[in-house]
Amino acid sequence: MSATTRRLTTAQALVRFLSAQYTERDGVRRRLIAGTWGIFGHGNVAGLGQALVEYRDAMPYHQGRNEQSMVHAAVGYARQLNRLSAQAVTTSIGPGATNLVTGAALATINRLPVLLLPGDYFASRAADPLLQQLEHPVEADVSVNDTLRPVSRYFDRITRPEALIASALNAMRVLADPAETGAVTLALPQDVQAEAYDWPEEFFAERVWTVRRPAPDPVELDAAVAAVRAARRPLIVAGGGVHHSEAEDALRALVDATGIPVASTQAGKGSLRHDHPADLGGIGHTGTAVSDALARDADVVIGVGTRYTDFTTASGTLFLNPDVRFVNLNITGFDAHKLAARPLVADARTGLERLAEALAGYRVDSAYEAEYREGKERWAAVVEAALRADDDTAVPTQTQVLGALDAVAGDDDVVINAAGSLPGDLHKLWRARSPRQYHLEYGYSCMGYEIPASLGVQQAAPGTPVWALVGDGTYLMMPTEIVTAVQEGLPVNVVLVQNHGYASIGGLSEETGGERYGTAYRYRADDGSFTGAPLPVDLAANAASLGMDVLRAKTVRELRTALAEARASDRPTCVYVETDPAPTAPPAEAWWDVPVAEVATREAAVRARERYDAQVSGRRRHL
């Protein structure tokens, strides 16, 4: 114990500690925990709640409406700042705590830092059973917070004040580690939060956590370089790690020197500007025709900061060259070894710089370069046709909504989406003009993410126009943080697309034999199907009732005017548009494995199974 101590409650000590933590990378320092989101209830109101009042000058507090939403807001904040700064989220015990699970899973799956501080039951068992307590018949130390263990990168329950010291340091280590980061949970029994302790002054000293840029191992680098030099048709797959590492310039330098084309995952889109000659757009099930065509014949695939989800690999059916090999540059060995790759475990920017140095003099064949540039031009015409609206007085299609937004948005505007049919349209069609313009949460593809995430992005980038694109299904999942946007004075823009149901899942249901059953927001017909008239739901009125300015657009012309007005506003604004449901997006260029009923009596399912069997036969294991 230090000779100099300070007597504080555990909650007070935690808030003081968090306010003195910083990250540093490339000489730039940021607050590691820049603020705390919270909803107070029994389990945190008298502990952390009092501490946040006590130190409100040191730790900004943001009042949320839904615990899951608060995590989404914190994730949006961390992603916008390339994981160099994060936020904390505090909740009561019971349902407040379990509402964190979905957000925690999203953060960990996407490798984005967030600190979770749920209340917990009495460590002393003085009150037992407590209100909202889960009683386990054979494990008395289990609480509902244990549901957060599998979705957290670090978890601890602080049952004594002094235990916080080591645990808090470990929590910061994980949050600041680019290879380990994700959701971090410190469960805080409510009696321990209020308990006083003599804390060593050193615990509250300013502490800087260096965000490392590890270089590749020389042996791994040599193997990767040899593989690329031997390639005739190499292809780079840029993932979210390019953005997290701020490696866009390094990627562009490598591509300019070698001519290797770049396809991007949902998280990696924008790694190159859309008009760079080597940028081919999205890859996989929602990819572009040119990207997927090159992927099928690629002999070396260089993955940079990607997890290779089944969408990216078209469920193992995309990379068809029998001799294809993978080189994976990733800061985690876990991801670098996927697809039996030659691993290159390193920071994305450092690794790309070393690759460029070692590949000096290498360039792809001019015929290959001409091939993908011609493919890019053909796809650009497809994009233009999908986004263009020739009749300004017509009801817009969903792709024309994207075209109108593309015309209004500036280069640094941020477009946020996560679920529904919009991710596929955006991945194929959006023309990203800056590294952070395209913000798709597609690791967990969580409905309801967009609106709360827009708050976090707006906090991280004040003055930047932020657009949350949501369909009616997603909006109904989680609109309540509109109230928070109004309270916090965050001028986010919500583009609310009304198509009366789950458009994406409706299409998937039809493709897989489900006949769109249960996917529309309509009255039930006599046969039990959902084929009646649309429900009399006015989502624009709902948004207005929560405090937003609402602009209704019925035509393409009205939509353009409304989007421009929203962008110029200094208040939270919703642009509501009912779309023509006719599909106008280009069809999928690659398959996605969604198993279909092996036996069925309905003809739709039988036909779907026949299509499935034909596609699944092309799946392969890359060994």
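## Close-up views of a predicted model

**View 1. The stretch that UniProt marks as the TPP-binding domain.** Between residues 419 and 576, the end C-alpha atoms are 18 Å apart, and the span comes out as 39% helix and 15% strand. The name for this stretch, "domain: Thiamine pyrophosphate enzyme TPP-binding", is taken from an unreviewed UniProt entry. Keep in mind that everything shown here is a predicted model.

**View 2. An open sheet with six strands.** Reading across the sheet, the 6 strands follow the order 19-18-20-21-23-22, and the pairing is parallel. The edges belong to strand 19 (438-440) and strand 22 (549-553); each has a single partner strand, so one side of each has no neighbour in the sheet. On average, neighbouring strands are turned by 20° against each other, direction ignored. As a general reminder for looking at the strands, side chains in a regular strand alternate between the two faces of the sheet.

**View 3. Strands 18 and 20, with a helix packed on the sheet.** Here strand 18 (residues 414-417) runs parallel to strand 20 (residues 466-471), and the two pair over 3 bridges. To find your way around, start at V414: its bridge partner in strand 20 is V466. Helix 17 (residues 450-460) packs on the sheet and touches strand 18, strand 19, strand 20 and strand 21 (493-498). The direction of helix 17 makes about 175° with that of strand 20.

**View 4. Strand 23 and its two partners.** Strand 23 (residues 573-578) is mostly covered, with 5 of its 6 residues buried. Strand 21 is joined to strand 23 by 6 bridges, and the two run parallel; look for V494, whose bridge partner in strand 23 is C574. Strand 22 also runs parallel to strand 23, joined by 5 bridges, and here L551 has V575 as its bridge partner in strand 23. To get from strand 22 to strand 23, the chain passes through helix 22 (residues 556-568), making a right-handed β-α-β crossover.

**View 5. Helix 13 and what packs around it.** Five names to pick out in helix 13 (residues 348-358) are its buried residues: A348, T350, G351, L352 and L355. These buried residues pack against a mixed set of elements: helix 8 (218-229), helix 9 (240-244) and helix 10 (248-258), plus strand 15 (300-304), strand 16 (325-330) and strand 17 (342-345). At the N-terminal end of helix 13, D347 acts as a cap, with a side-chain oxygen 3.2 Å from the backbone nitrogen of R349.

**View 6. The ends of the central domain.** An unreviewed UniProt entry gives residues 221-355 the annotation "domain: Thiamine pyrophosphate enzyme central". The end C-alpha atoms of this span lie 7 Å apart, and the span is 34% helix and 20% strand.

**View 7. The N-terminal TPP-binding stretch.** Residues 53-127 carry the UniProt feature "domain: Thiamine pyrophosphate enzyme N-terminal TPP-binding", again from an unreviewed entry. Over these residues the chain is 40% helix and 21% strand, with the end C-alpha atoms 26 Å apart.

**View 8. R621, after helix 23.** R621 is found in the segment that comes after helix 23 (603-616). Is R621 buried or exposed? R621 has a relative accessible area of 74%, so it counts as exposed. From C-alpha to C-alpha, R621 and H62 are 47 Å apart in space, and 559 residues separate them in sequence.

Key
Residues numbered from 1 in each chain as written. Predicted model: local features only at pLDDT ≥ 70, side-chain atom pairs only at ≥ 80, totals over all residues. Heavy atoms only, no water. UniProt positions renumbered as here; feature names shortened; annotations may be inferred. Helix = DSSP H or I, 4+ residues; strand = E, 2+ residues; numbered from the N terminus. Pairing = 2+ DSSP bridges. Axes fitted to C-alpha atoms, helices over the stretch in contact; angles between N-to-C directions. Contact = heavy atoms within 4.5 Å. Buried < 20%, exposed > 50% of the residue type's maximum accessible area, 1.4 Å probe, protein only. Right-handed = clockwise from strand over helix to strand, strands pointing away. Polar contact = N/O pair within 3.5 Å; in protein donor to acceptor, adjacent residues only side chain to side chain.
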